[in-house]
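Colleague: Hello! I am new to this structure, and I would be glad of a close look at the part where strands pair up and loops join them. Could you walk me through that part, step by step?

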Amino acid sequence: MRLAWLACTALFAGPLGAQDHGGHGAPPAAKAQEMDHCAMGHLPPEQCPPKEGTERGEADHSAHGGARGMEQDKPKMPGMDHSSHGASPDKTVPGAAPEDAVPPRALEGPRHAADAIWGAEAMAPARKTLARENGGFRTGMVMIERLEARIPADGGEDGYLWDAQAFYGGDINRFVLKTEGEGEFCGSLENAEAQALYSRAIGPFFDLQAGIRIDDAPDTRAHLVAGIQGLAPYMFELDAALFLSTEGDLTARIEAEYDQRITQLLIVQPRIEVELSAQDIPERGIGAGLTTIEPGVRLRYEFLREFAPYLGIEYEVRTGRTADIARAAGEDPDGLKLLIGLRAWF
């Protein structure tokens with residue numbers, strides 16, 4: 001029985017021992033070598049054996065920057081000397097222009113540099129055109145500073161006032177026309193005047209003005225005018241003038257105003273006007289000295305830059321001998337007025 005069992009065991013053990021189980025439990029490199037998974041890209045590089053003739057991690061940097069190598073290997077193009085780019089011309093070579101070939105005036109500045117080449121006469125029209133097209137052009141504007149109804153707070157007749165000016169010309173020379181006056185609604189015109197002035201800039205912010213003034217009321221009279229107008233420091237608009245009438249009367253007027261923005265559209269404008277006289281002018285109710293002071297304030301709203309209605313108050317007081325003349329005529333020398341007006345320009 002025992003011999004039969006051993007015979008059977010030996011009979012089945014022979015085929016099992018013929019199977020090749022060497023690959024079971026073998027390392028992945030061995031499997032990759034057998035199946036060449038590295039060549040197929042199935043394994044990361046660190047698990048693949050190095051290739052013959054190449055060490056792992058030894059990068060072939062010669063391929064990087066190949067362009068440089070190509071530049072180094074590329075033969076230089078004959079006939080192209082790039083070393084001369086940006087270099088000063090060699091004026092020592094025969095036939096080159098000497099250093100003094102450039103006129104000295106051409107190096108003084110750009111304003112007349114072209115004159116040295118083309119001549120001053122040929123460049124004069126071009127320079128005139130350039131100046132006109134870059135700030136020297138002529139322009140004009142009409143400004144209605146005040147067009148208002150005046151309501152006396154302490155009673156009396158309601159009145160009106162206008163104050164406007166226009167100009168046409170350039171930045172240096174221009175013609176200016178001014179007019180102002182006042183009167184009573186359904187009443188007489190108290191005073192009215194117009195000025196025609198030549199205005200010349202005497203600085204970045206001020207113009208010197210001279211011309212004539214014609215009064216239509218209270219009587220017809222002409223004046224010579226000399227004054228200044230401009231923007232004083234701290235943004236005060238200033239207009240001051242002397243008037244010499246055909247009757248020999250010398251008077252003066254000074255106006256100052258300031259625009260203080262509360263918002264982009266809402267603006268409060270303090271304003272003061274002072275008049276003086278060098279002598280008595282009884283036919284006009286004016287005494288020598290400081291004759292009238294008119295401080296006021298206006299609050300305007302600019303629906304458009306060119307169109308701004310306003311409300312305001314103004315106190316008018318006649319002083320000195322002028323106040324005495326007013327009292328003698330039965331008039332009140334001072335008074336407060338409520339204002340409703342419009343400021344516009346175009």
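Modeller: Happy to! One definition helps before we start: strands here are DSSP runs of E with at least two residues, helices are runs of H or I with at least four, and both are numbered from the N terminus. Please also keep in mind that this is a predicted model.

Let us come in from the helix that precedes the strands in the numbering. Helix α6 covers residues 120-133, and its 14 residues reach 20 Å from the first C-alpha to the last, close to the 20 Å expected at 1.5 Å a residue. After α6 comes glycine 135, which has a positive phi near 115 degrees.

Now for strand β1. β1 (residues 139-152) runs antiparallel to β2 (residues 159-169), and 11 bridges join the two. One place to see this is alanine 149, whose bridge partner in β2 is tyrosine 160. The two strands make a hairpin with six residues between them, and in the turn glycine 155 has a positive phi of about 95 degrees. β1 also has β13 as a partner: these two pair in the antiparallel sense over eight bridges. If you look for isoleucine 144, you will find alanine 344 of β13 opposite.

Side chains tie β1 to yet another strand. Arginine 150 forms a salt bridge with glutamate 294, with the closest N and O atoms 4.0 Å apart. Arginine 150 belongs to β1 and glutamate 294 to β11 (residues 289-301), a link between distant parts of the chain, 144 residues apart. Are these two charged residues buried or exposed? Arginine 150 counts as buried because its relative accessibility is 3%, under the 20% limit for that word. Glutamate 294 is also buried, because its relative accessibility is 8%.

β11 leads us on to a loop. Glutamate 302 sits in the loop between β11 and β12, and with 4% relative accessibility it counts as buried. What does glutamate 302 touch, once its neighbours within four places in sequence are left aside? The residues in contact with glutamate 302 are Arg261, Gln264, Leu265, Ile267, Phe307, Ala308 and Arg343.

From this loop we move to the surface. Ile151, Val297, Leu311, Ile313, Tyr315, Leu336, Leu338 and Ile340 form a nonpolar patch there, with about 640 Å² of accessible area together. Two elements, β12 (307-318) and β13 (334-345), each give two or more residues to the patch. Isoleucine 313 is one of the patch residues and is found in β12. It is called partly exposed because its relative accessible area is 39%, between the 20% and 50% limits. When you trace such a strand by eye, a general habit helps: in a regular strand the side chains alternate between the two faces of the sheet.

Other strands are linked through charged side chains too. Arginine 213 forms a salt bridge with glutamate 193, the closest N and O atoms being 3.2 Å apart. Arginine 213 lies in β5 (residues 206-217) and glutamate 193 in β4 (residues 189-201), so the pair ties together parts that are 20 residues apart in sequence. Both arginine 213 and glutamate 193 are buried. Elsewhere, the side chains of arginine 271 and glutamate 273 meet in a salt bridge at 3.3 Å, N to O. Salt bridges that share partners also build one network, and among its members are Glu193, Arg213, Asp215, Arg253 and Glu283. The full count in this model comes to 32 salt bridges.

To finish, here are three residues with backbone geometry to look for. Most residues other than glycine have a negative phi, and most peptide bonds are trans. The peptide bond from alanine 217 to proline 218, however, is cis, with omega near 5 degrees, and proline 218 lies in the loop between β5 and β6 (221-232). In the loop between β6 and β7 (236-245) you will find tyrosine 234, which has a positive phi of about 70 degrees although it is not a glycine. Methionine 235 is in the loop between β6 and β7 as well, and its phi is positive too, near 65 degrees. Are tyrosine 234 and methionine 235 buried or exposed? Tyrosine 234 counts as exposed because its relative accessibility is 71%, and methionine 235 counts as exposed at 53%.

Notes: Residues numbered from 1 in each chain as written. Predicted model: local features only at pLDDT ≥ 70, side-chain atom pairs only at ≥ 80, totals over all residues. Heavy atoms only, no water. Patch = residues over 30% accessible without salt bridge, like charges linked within 9 Å, V, L, I, M, F, W, Y side chains within 5 Å. Areas by Shrake-Rupley, 256 points an atom, 1.4 Å probe, with all protein chains shown as cover. Buried < 20%, exposed > 50% of the residue type's maximum accessible area, 1.4 Å probe, protein only. Pairing = 2+ DSSP bridges. Expected span 1.5 Å × (residues − 1). Contact = heavy atoms within 4.5 Å.
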